[in-house]
Amino acid sequence: MSNEIILTEVALRDGSHAISHQYTVEQVRSIVQSLNDAMIPYIEVSHGDGLGGSSLQYGLSKVDEMKLIEAAVSVSNFSKIAVLLIPGIGTIEDLKEAKKLGAKMARVATHVTEADISKQHIETAKELGMEAVGFLMMSHMAPVETLVEQAKLMENYGADIVYVVDSAGALLPHEVKERIRALRQTLEVDIGFHGHNNLSVAMGNTLAAIEEGATRIDGSVRCLGAGAGNTQTEVLVAVLDKMGISTGVDLYKLMDMAEEIVAPILPKPQEINRDSLTLGYAGVYSSFLLHANRAAKRFSVDSRDILIELGRQKIVGGQEDMIIDVAAGLANK
Ligand SMILES: C[C@H](O)CC(=O)C(=O)O
Ligand SMILES: [Mn+2]
């Protein structure tokens, strides 16, 4: 277990799902400024579904994400700005534009069995002089051997770090352990973990990942992420400090910004309610939560039934239109 952990704050990307992609330039500026003051090493800024995500399918952004990235870069002299890119949603051109605006890290995300589509994006990120991260989403859906094989592909393409991403918040601590352990035994590069708190085990999963050798960890202040949110960054910093693990982050400053800057912009406190619990229970992509809530209202069906059916059909990111399909199907039954 390492005694140093490098954190990436994801509220300005994963949290975009929770606020229906309505971040303003002013909000991004004040959040980044205060995260920078608290010495958070990396801050991710993009549409919730990554560069190019603003669309009818995924949800329209209030403000062009390039403007948000530009604002973030303009107020951070310590923190590095990261962007998320899902090949097929975001393009190489989007990545070049983000790099031009000052983004330093590209996190290239694919479904856990589809790492091969990340090749040109990881290679381009490296050619552009960016740090490249391979981000294997919905990691609960593949056996450990497949995860290892896919992570190895990302490493071979040039990724500096490969993440196990528990997009559905469905993994339990022993499952995180076996995944991180297997990656640690196989890969040369750093291993990361990104959790969601739908089953209330994001913190336990994160600590399990760290125990097995993960050194790059994601969190969101006030759990501002999709579903019930991510591992809560300010809590994680406190817990790691108690364990003698250094993050370099100023805990009081992080607590203050969470309370005074982030809490007031939450539409409602992030909590595990029956819908977010169902995400973790059924193994459904956390960003489907608000889409399922809207579809449930529109078709007068129980959102839990929609989520359970999406889990049964193994619907993954990029198939948001299936949420409507499933809801309409349930309404017709
Ligand atoms: C596009 C997704 O929201 C990426 C992510 O944060 C996850 O899979 O979890
Ligand atoms: Mn996430």
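This dialogue introduces the reading of a predicted model.

Visitor: How many strands close into the barrel, and in which order?

Guide: A barrel is best read strand by strand. Here eight strands close into it in the order β1-β2-β3-β4-β5-β6-β7-β8, with parallel pairing. On average, neighbouring strands of this sheet are turned by 25 degrees against each other, direction being ignored.

Visitor: Which strands pair with β1?

Guide: In a regular strand, the side chains alternate between the two faces of the sheet. Strand β1, residues 6-9, runs parallel to strand β8, residues 216-219, and four bridges join them. Within this pair, Thr8 stands opposite Asp218 of β8. Strand β1 also pairs in the parallel sense with strand β2, residues 42-44, over two bridges. There, the bridge partner of Glu9 is Ile43 in β2.

Visitor: How many bridges link β3 and β4?

Guide: Strand β3, residues 80-85, and strand β4, residues 105-111, are paired over four bridges, again in the parallel sense. As a point of orientation, Leu84 stands opposite Arg107 in β4.

Visitor: Let us turn to the ligand. Which residues are closest to ligand 1?

Guide: One may begin with the shell around the ligand and then consider its chemical character. Ligand 1 is surrounded by 13 residues, of which Asp14, Asp49, Met137, Ser167 and Ser287 are the closest. By class, the shell comprises four nonpolar, seven polar and two charged residues.

Visitor: Where is the place of Asp14?

Guide: Asp14 is located in helix α1, which covers residues 14-18. Asp14 also appears in a record: an unreviewed UniProt entry lists Asp14, His194 and His196 under "binding site". These residues are spread over 183 residues of sequence, yet they cluster in space, with a largest C-alpha distance of 10.5 Å.

Visitor: What does the domain assignment of the chain give?

Guide: The assignment gives domain 1, residues 6-265, and domain 2, residues 287-332. Their C-alpha centres lie 25 Å apart. The contact between them takes twelve residues from domain 1 and eight residues from domain 2. On the side of domain 1 that touches domain 2, five residues are nonpolar, six are polar and one is charged.

Visitor: How is the size of such an interface often given?

Guide: The size of an interface is often given as the accessible area lost when the parts come together. For this model, the description rests on the residues in contact, twelve from domain 1 and eight from domain 2.

Methods: Residues are numbered from 1 along each chain as its sequence is written. Chains are lettered from A and ligands numbered from 1 in the order in which they are written. This is a predicted model: local features need pLDDT of at least 70, side-chain atom pairs count only at pLDDT 80 or more; totals for chains, interfaces and linings use all residues. A residue is near a molecule or strand if its C-beta atom, placed from the backbone, lies within 6 Å of it. Ala, Val, Leu, Ile, Met, Phe, Trp, Tyr, Cys and Pro count as nonpolar, Asp, Glu, Lys and Arg as charged, and the others, Gly among them, as polar. Two strands pair if DSSP finds at least two bridges between them. Axes are lines fitted to C-alpha atoms, for helices over the stretch in contact, and angles run from 0 to 180 degrees between N-to-C directions. Domain bounds come from an automatic or database domain assignment. Two residues are in contact if their C-beta atoms, placed from the backbone, lie within 7 Å. UniProt positions are given in the numbering used here, feature names are shortened, and annotations may be inferred rather than shown by experiment.
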